[in-house]
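Here is a short report on one protein chain. Keep the sequence and the 3D view open while you read.

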Amino acid sequence: MSPAHGGKWVDRYRCEGLAGLRDRSSRPHRLRRPTPQTVVAAIERLRRQRWAGKQIAAETGISPATVSRVLRRLGLNKISALEPAEPIRRYDRQHPGQLISTSRSSVGSAAWGTASPGDIVAQSTAVPDLPKTLSAI
């Protein structure tokens with residue numbers, strides 16, 4: 001460690017005590033040249049027209065990284081942020097099971113040979129021992 005770096009830590013300890021020795025973010029407190037508000041407004045306007053980030057960058061002359069950063073800050077970094085959330089579809093009915101439809105059919109009627117659909121009903125009523133199925137939708 002260089003003497004200048006060690007002196008920085010000693011000065012921090014003298015000014016702030018133990019709190020001065022804790023880790024700090026290396027992120028700058030402010031930007032020297034923040035993105036102008038007119039450019040931010042143009043980026044937002046183009047994004048609301050569903051332009052891609054690279055298209056916006058080419059149109060405005062700003063780097064794609066800056067466009068991405070501005071879109072993230074505005075909460076428009078995903079296209080889904082532009083579309084309203086789809087409402088939840090609920091099927092509320094007055095009585096439970098109101099939407100259930102049932103049908104009864106016979107199983108194994110094909111064992112009696114080939115038949116047309118009209119004949120299946122006649123065969124299943126003629127032979128009472130055929131198993132029945134109940135299907136609910």
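In what order do the elements of the protein chain run from the N terminus on? The order is α-α-α-α-β-α-β. That comes to five helices and two strands. Keep in mind that this is a predicted model.

The chain has 137 residues, and 15% of them count as buried. Take the contacts with a separation of 6 or more: residues 24 or more positions apart account for 51% of them.

**The core**

The largest nonpolar core has 10 residues. They are Val 39, Val 40, Ile 43, Leu 46, Ile 56, Ala 57, Val 67, Val 70, Leu 71 and Leu 76. Three helices give two or more residues each: α2 (37-48), α3 (53-60) and α4 (64-74). The top contributor is α2, with four residues. In soluble globular proteins, nonpolar side chains tend to be buried together.

**Helix α4**

Which residues of α4 are buried? They are Thr 66, Val 67, Val 70 and Leu 71. Seen down the axis of α4, these buried residues fall within an arc of 135°, so they line one face of the helix. The spacing has a general background. An α-helix has 3.6 residues a turn, so residues three or four places apart point the same way.

What covers the buried residues of α4 includes α2 and α3. The face turned away from the buried side carries the exposed residues Arg 72 and Arg 73. Val 70, on the buried side, touches Thr 35, Val 40 and Ile 43, leaving aside residues up to four places away in sequence. Of these partners, Val 40 and Ile 43 belong to the largest nonpolar core, as does Val 70 itself.

Just after α4 comes Gly 75, with a positive phi of about 80°.

**Two loop residues**

Two loop residues deserve a look. Both are partly exposed, Arg 50 and Ile 62.

| Residue | Loop | Relative accessible area |
|---|---|---|
| Arg 50 | between α2 and α3 | 45% |
| Ile 62 | between α3 and α4 | 22% |

Arg 50 has a phi near 70°, a positive value in a residue other than glycine.

Why does Ile 62 count as partly exposed? Its relative accessibility is 22%, and buried means under 20% while exposed means over 50%, so Ile 62 falls in between. Ile 62 touches Val 39, Ala 57 and Val 67, again not counting residues up to four places away in sequence. Those three partners are members of the largest nonpolar core. Ile 62 is also 27 residues from Thr 35 along the chain, and their C-alpha atoms are separated by 9.5 Å.

**The pocket**

What volume does the largest pocket have? The value is about 350 Å³. Its lining has 13 residues, and the closest to the pocket centre are Leu 31, Pro 34, Thr 35, Arg 69 and Arg 73. The largest share of the lining, three residues, comes from α4. By class, the lining has four nonpolar, four polar and five charged residues.

Some names recur here. Arg 73 is one of the residues closest to the pocket centre, and Arg 73 is also on the α4 face turned away from the buried side. Thr 35 is another of those closest to the centre, and Thr 35 is touched by Val 70.

Terms used: Residues numbered from 1 in each chain as written. Heavy atoms only, no water. Core = buried A, V, L, I, M, F, W, Y, C linked by side-chain atoms within 4.5 Å. Buried < 20%, exposed > 50% of the residue type's maximum accessible area, 1.4 Å probe, protein only. Contact = heavy atoms within 4.5 Å. 1 Å grid on protein atoms, 1.4 Å probe; cavity = no way out; pocket = protein on both sides within 12 Å on 5 of 7 lines; lining within 4 Å. Points joined across faces, edges and corners; volume = space filled by probe spheres on them. Nonpolar A, V, L, I, M, F, W, Y, C, P; charged D, E, K, R; others polar. Arc of directions from axis to C-beta.
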